[in-house]
Amino acid sequence: MTLAAASHGFLTPSGVEIAFLLVGLVTLGAAVVTVTTRQLVHAALWLVVALGGTAVEYLLLTAEFIAWVQVLIYVGSVVVLLLFGLMLTKAPIGRSPDADSGNRWAAVAVAAASAVALVWVVVDAFRATWIELGTPQGSTETTGRSLFQYWVLPFEALSVLLLAALVGAIVLSRKGDTAITGDGGTPPGPGPGTPPAPGGTAPVARAATGPVATPGPAPREEQR
Amino acid sequence: MHLVYPAVLAALLFCTGLYGVLARRNAILVLMSVELMLNAVNLNLVAFDAWLRDTLHAGQALTLFTIAVAAAEIGIGLAIVLLVHRHRGISDIDRLRDLADTPGTPDADATDQQPQPDTKAEATA
Amino acid sequence: MTPTTTAVLVPLLPFLGAVVGLFLGRRAPGFVRPLAVLPTLAAAALAAVVAAGVGTGPATDVATRLTPTGSVPIDLALHLDGFAVLIAVLVGVVATCVQIYSTGYLRDDPRYPSYAALVSLFTSAMLLVVYTGDLMVLLVGWEVMGICSYFLVGHYWETEAARAASLKAFLVTKLGDVPFLFGIFALAADTGTFRITGILGSVARDGLDHPTLIALLLLAGVAGKSAQFPLHTWLPDAMAGPTPVSALIHAATMVAAGVYVVARLLPVFAASAAALVVLAVMAAITMIGSGLAALAQDDVKRVLAYSTVGQLGYMTGALAVGDRGAAVFHLLSHGAFKALLFLGAGALIHAAGTNSLSAMSRMSGLDRRVPDAYWTVTVALLALAAIPPFSGFFSKEAVLGAAEHAATGGAAGIPGAAGWTVLISGLIAALLTAGYTTRLWLLAFRGSGPEAPDHGPQPLAMKAVLWVLFVPTAAFGLAAPFLPDWFDGRSLIPTLTTSVLGTGIALVGGLVTYATWRHTTAPATRTAADGAATDPGRVLLGPLYRPAAAGFHLDAVYRALFVRPVRAAAVLVRFLDREVVDTYVRAAGTGPRWLGAAVRRAQTGNVQTYLGALLAGALVLAVAAVLVAMGTGA
């Protein structure tokens, strides 16, 4: 498969490679902004860019079906879910100074070390590997064939998993009665007298007022 | 196309997500970072599938499965976060410290650490 | 029954009696006395039968091997010769007398059953030592005697003195027993057998490789058991035990075991002139020192104990000049009259209500209170002082005669120095012996002052036994012409020179003491009878009195040499344990505690911290794995 890698130098990139690099840079930049921005809603929006960029990369790697699925699921539903979540937990709009926790520098160190190690290993291993993109790999037809020819059983098992997730999400987010009454029904609760969070980060004061419960996430799972 | 490009991009995306998981306070932001990490894995899967030209298209099938699992994960995760938020009024990960090993009796410490009684009820929920 | 079966029964009967007595003692008190007396009596009778059977004929040797025991075999062997059978008779008779006497003496003692059983066990062990033909079996009996002695001396364990004395007796004899064990091993290694006949044959055939070493090692055990200088200090203290025990153990039997072993193994000792000289010097120091100490003691039993030490010195002296016939002769007669003395002293103490001689000297009429004890003890004291015609005279003259024989070079292979040492010290000791016997008699029976209190009549058992023992005390000397047939054949008839010399010296000693006593009591009676002033020993010894009363401070020497270092070592060990070893133990506890505190600080409950640490660790592992893979791949 690794045919004549030497003939393809890094200094003479093909058009696909240039496109991949550019989109990759955008994706990476969006991802970095996602994990560093102090505005929580912006983070979700930058995540859209990053996920969309990944979808484009899939396209460049000739996996078109996956690209569309990516757009549909991630950009379409996951990010929407996340935004719902942000809203339901009353995330502050605007800059929040304590978006990063205390062990930020440890996180930087671990992440940087991982990055160095991974990039070093990957580059060392696949320096001369060439992907032949002549024939598209992931058209809808081929993907569908392989999926329903070879991967039917896992596919069905996956549907069971999704069903379980659906049920679990409903049970978890149901407003405190039968199933979780044992504990959730009589919570000490964040009563108004004991606001656990000192101001700023989250407007917890109204948290206990009933109707904020989330009927939200569960049904949406059905899309997939 | 060189395999190095998607591989390096995946590695960097993964590490970005890793940083997010470790550094973000808000649980929903942590979930976003997890999504980034999953995407990095997906990118790798697709790239290697394209490189290996697998007749079974195992890489792409696995990517699809991963996406589905990620969707399920985000649903359950959000449900948990909302539940925590409903009971505790917070969604900050680093203030959910039920697992902390505090010397002495837990009750004595509960008086000066306010989240303590709430978390206890929550943890069993 | 063949003589062999009879001989086997002799140690076996008291042993069975002891076992049954121990088990039955609590449940059936009525059986205790018969169980104590009858097996011992039967053993004595059987021992007499064996003696008659063996007679003057050749020694009987039988052996059976129970199990192979490696390189040097151990046999259950019997060796019956004149020495063994006669000493067995002595042991049996004295043990029977003691058991009968004890039924009276300890009739109210709650621990009588265990006491009687231990005495029976002790008798059995001594008979085993006497009859056995194998050194290992002998050692078994030897050690059983040691432990029985420990228990019996500590019979009145409520008193501090008895506890201390029993421990001391045990430890001091063990101090000698350890070299003794090594000596036996060395002997067996040299000769290749534990059988006494085999050893003696081997010694006679081609000698020993290390005769002096072996003899000195064995000598240490003998000194411990037979209370010879410098290991004699346990014997006077052992008088804390009941008087019959003193009579049995510390007069007739156990202390005789050491002498007996030397007599049995005499050729081994004779192989080394140095060992003989050491033995002679040991005997000389023992004789003179114990005589001086006996002259200063206040306790009747301690006087008798020191006299026992001195008489044992005579026996070892006889062995040092190579005449075991004389030694065993003296052992036999001494066993008889010393047992009588102790039992009589027990009756005396019983009547006077005190052990103290000075207290006895302040009461009159003791001789009328216990007439049986008075007469028998008087005769026994005469025997002890070697006044003819009593048994002690003959046996002691036999010893002195043997010493003179050796001193004049009449004995082959015996150093003349040993002979002279024994002879001179024996004569000095005869003087001292006569002195302290006179003193004892005068203070005990010729006291002046108020009438002795009446403690009621003596039990018949106690009186009868005294007269039984009186017979050999008075008349055993008549056996002197016949005994050589049983022993080595050397004449035991007193020679004229030593007889005249010894008896004369003894008479001088007695008369000097009597004169001193008259001199001191005459003014003392006028000045309201100060007991201490009437003690002739105090006047005779002069400045030596105090050290002699304290046993020449040998205990203090032992204290400085052994007790204090051991205590210091104990303190050191305690310190090491508490401060050094325990430090590690405590550190083993506090180390993990601190570690736990440190680790607890890491348990913040912050999931992100945990995850960060987890990933960092995983990263390190991954990098390490990659590096290793590259290292091995390259």
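What follows looks at the chain contacts, a pair of helices in chain C and two loop residues in chain B, all taken from a predicted model.

Starting with the A/B interface, 101 residues of chain A are in contact with 76 residues of chain B. The chain A side draws on quite a list of helices: H1 (15-36), H2 (40-60), H3 (64-88), H4 (104-126), H5 (140-150), H6 (152-173), H7 (178-185) and H8 (217-220) each put in at least two residues. Of these, H4(A) gives the most, with 12 residues. As for chemistry, the side of chain A that touches chain B splits into 65 nonpolar, 27 polar and nine charged residues.

Chain B also meets chain C, and here 11 residues of chain B are in contact with 10 residues of chain C. On the chain B side of that interface, seven residues are nonpolar and four are charged, with no polar ones.

Turning to chain C itself, its secondary structure amounts to 27 helices and two strands. The chain has 634 residues, and 54% of them are buried. Contacts in chain C often bridge long stretches of sequence: taking those between residues at least 6 apart, 80% link residues at least 24 apart.

Two helices of chain C can be checked against the expected rise. Helix H2 of chain C (residues 29-54) has 26 residues, and its first and last C-alpha atoms are 38 Å apart, close to the 38 Å expected at 1.5 Å a residue. Right after H2(C) comes C:Gly55, with a positive phi near 60 degrees. Helix H4 of chain C (residues 112-131) passes the check too: its 20 residues should span 28 Å at 1.5 Å a residue, and the end C-alpha atoms are indeed 28 Å apart. H4(C) is also mostly covered, with 19 of its 20 residues buried.

Back in chain B, the backbone does something worth a look. Most residues other than glycine have a negative phi. B:Arg53, however, is not a glycine and has a positive phi of about 55 degrees. This arginine, B:Arg53, sits in the loop between helix H2 (27-52) and helix H3 (58-88) of chain B. B:His57 lies in the loop between H2 and H3 of chain B as well, and its phi is likewise positive, near 55 degrees, again in a residue other than glycine.

Their surroundings can be told apart by counting neighbours. B:Arg53 has 14 other C-beta atoms within 10 Å, so it ranks as partly exposed. B:His57 has 25 C-beta neighbours inside 10 Å and therefore counts as buried, the cut-off for that being 20 or more.

How values were computed:
Residues are numbered from 1 along each chain as its sequence is written. Chains are lettered from A and ligands numbered from 1 in the order in which they are written. This is a predicted model: local features need pLDDT of at least 70, side-chain atom pairs count only at pLDDT 80 or more; totals for chains, interfaces and linings use all residues. Two residues are in contact if their C-beta atoms, placed from the backbone, lie within 7 Å. Helices (H or I, at least four residues) and strands (E, at least two) are DSSP runs, numbered from the N terminus. Ala, Val, Leu, Ile, Met, Phe, Trp, Tyr, Cys and Pro count as nonpolar, Asp, Glu, Lys and Arg as charged, and the others, Gly among them, as polar. The expected span of a helix is 1.5 Å times one less than its number of residues. A residue is buried if 20 or more other C-beta atoms lie within 10 Å of its own, exposed if 12 or fewer, and partly exposed in between; C-beta atoms are placed from the backbone.
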